[in-house]
Amino acid sequence: MDSDDSEEPLHNVVEGEDAEPLGEKPMKLKVYKQRWFILFIFSCVSFANGVLYTCIVSINDIIARYYRVKEDRVDWAGNIFPFMYIFMALPSAYMMTSLGLRTLVIIGSSLNAIGTCLHFAGVFGNGYRFIMGGQVAAALSFPTILQVPVRLSTVWFPEYEHAKATSIAMVANVFGLGIGFLQPSYMVPDVETKEDIYAGLYDLYLTHLIFLIVCLGLVYSFFKEKPPLPPSFAAAVSKFRTEDDDSVEKEGESPTMIQSIKVLTVNKNFLILTQAYALYFGLYLFYVTCLNDMVSHLVEEIYIGWMGFSADVAAIIGILVCSVIIDKFQAYQICSLVLTFGVLVSWTLFALSVVRWKSTIALFVTYAMVSLFGAPFFVVGIEYTAEVTYPISEGLSSAIILLLGNLYGFLMVLFFGSWIEKGHLGFATYFVIGVYAVCFILVCFLRQTLNRHDAERHHKRPQTTNGEENDPLLI
């Protein structure tokens, strides 16, 4: 099934001469070209949320001076995102299950738009409360958006495109983070006159507002819950998953969230992967949020924006390369080992650049290397989790690992950021090396288990030599 709009009958999920069909009608698989437009719409929403995450903290000193607040208060404009995720991850996973993918994306897009409206209302010098209100709204959107990519790829894309679709959706968010660094540094001047800062912020918030209104219109008008026919076996039998123990759903039923969580707590691979992913994700949130604090004494404001942007370009390259490898070879374990070891070495070089070498070129190169290895595990890890935990819902498994990752990220930004502010930059950066080492060790203990891929391969229908399809079986 290599072409768009192609159909494929689905094999019975029960084998043996006495096997009973799971349903009364034949189920066919079909891949729709529309999937790419659906992915494009969500990517725009994800991109916008990434911009809102970093657009304030990337110019925290200018924002603090304009609104007459302390810089540590401005840092909360970014730290509020992982903080909100901690409390909203499981409710968002429940909403995805009960309300559906379309409703969740509408909620996320609407919160983004509300956030930009509040930003625009707070453009005046006494409007910082509106700025933080906008960040809270965007932060509430954050958990709804992070959980969508893996579920969207399962619902709309065939098995051989899962990693690619997840990568594109997450790349959009990473690219948004990069633009959030770069755009403010060009549009908002680092000057003392409030009039010039006001003009820059006005243009910045207005562009965000226009883009988010367009995104919201696209979501309401064109984003669909699912295709008429499923594109893969995993999507087709999601409501027919069956296990022997009572903790997993029986035929035709869906397990409760509590039952699914109980199953996950005894999955050793999932527990190890959760810790490795959470540490990795938390460190990424730390160095994205605190980049300005780490290098502002060495690099000018405009160059910090370029550092963030160039690093995100490197991250996008790494993510796309890994997605191709994963889709083609399912080399989750090898990719995980390479990425965690690569980011360990890269961060060590970056720490030396910040503390000892203090070279602008070294900072640019090593920070790009950190992002090259430090972002792709988002996709590899979340797809790996879907494989390890299948047939548990992808939304729930991703919600749990992202919840823990955002919890770690919130704590790391809080504590590491506090150490940096107190002048302990070297201690903070060297401590991060130890955390990355723990992450690499955890990945070494993982055992590659491809439950979802094996299910797809086992039920893939063979074709005759002349290309004709065999008779479809019922489910």
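**Exercise 1. Decide whether helix α6 (residues 148-156) is largely enclosed or largely open, and justify the decision.**

Solution. Eight of the nine residues of helix α6 are buried, so this helix is largely enclosed by the rest of the structure. Here a helix is a DSSP run of H or I with at least four residues, a strand is a run of E with at least two, and both are numbered from the N terminus. Buried means under 20% relative accessible area, exposed means over 50%, and partly exposed lies in between, with a 1.4 Å probe and protein chains only. The buried residues of α6 include V148, P149 and W156.

Before going on, note that this is a predicted model, in which local features need pLDDT of at least 70, side-chain atom pairs count only at pLDDT 80 or more, and totals for chains, interfaces and linings use all residues. Residues are numbered from 1 along each chain as its sequence is written, and side-chain values use heavy atoms, with hydrogens and water left out.

**Exercise 2. Find H162, and state whether it is buried or exposed and which residues it contacts.**

Solution. First, locate H162 in helix α7, which covers residues 162-187. Next, its relative accessibility is 2%, and therefore H162 counts as buried. Finally, with neighbours within four places in sequence set aside, H162 is in contact (heavy atoms within 4.5 Å) with S153, T154, F157, S232, D327, E383 and R452. Two of these partners, S153 and T154, are among the buried residues of α6.

**Exercise 3. Describe the place of R102 and its relation to E225.**

Solution. R102 belongs to helix α4 (residues 101-121), and because its relative accessibility is 26%, R102 counts as partly exposed. Although R102 and E225 are 123 residues apart in sequence, their C-alpha atoms are 4.8 Å apart in space. Beyond the neighbours within four places in sequence, R102 is in contact with V219, Y220, F223, K224 and E225.

**Exercise 4. Explain where the largest nonpolar core lies, and which residues touch the most other members.**

Solution. A nonpolar core is a set of buried Ala, Val, Leu, Ile, Met, Phe, Trp, Tyr and Cys residues joined through side-chain atoms within 4.5 Å. The largest one has 87 residues, of which F286, Y287, V295, W347 and F350 touch the most other members. Helix α11 (residues 268-289) gives the largest share of this core, namely 14 residues. Domain 1 (30-235) and domain 2 (258-451), whose bounds come from an automatic or database domain assignment, both contribute residues to this core, so it lies between them. To see one member in detail, take W347, which touches F286, Y287, M294, V370, T429, V432, I433 and Y436, not counting residues up to four places away in sequence.

**Exercise 5. Compare the loop positions of R68 and K358, and say what marks their phi angles.**

Solution. R68 lies in the loop between α2 (60-67) and α3 (71-99), while K358 is found in the loop between α14 (332-357) and α15 (360-374). Most residues other than glycine have a negative phi. R68, which is not a glycine, has a positive phi of about 60°, and K358, also a residue other than glycine, has a positive phi near 55°. With a relative accessible area of 70%, R68 is exposed.

**Exercise 6. State how many helices and strands the protein has, and what share of its residues is buried.**

Solution. The protein has 19 helices and two strands, and buried residues make up 58% of its 475 residues.
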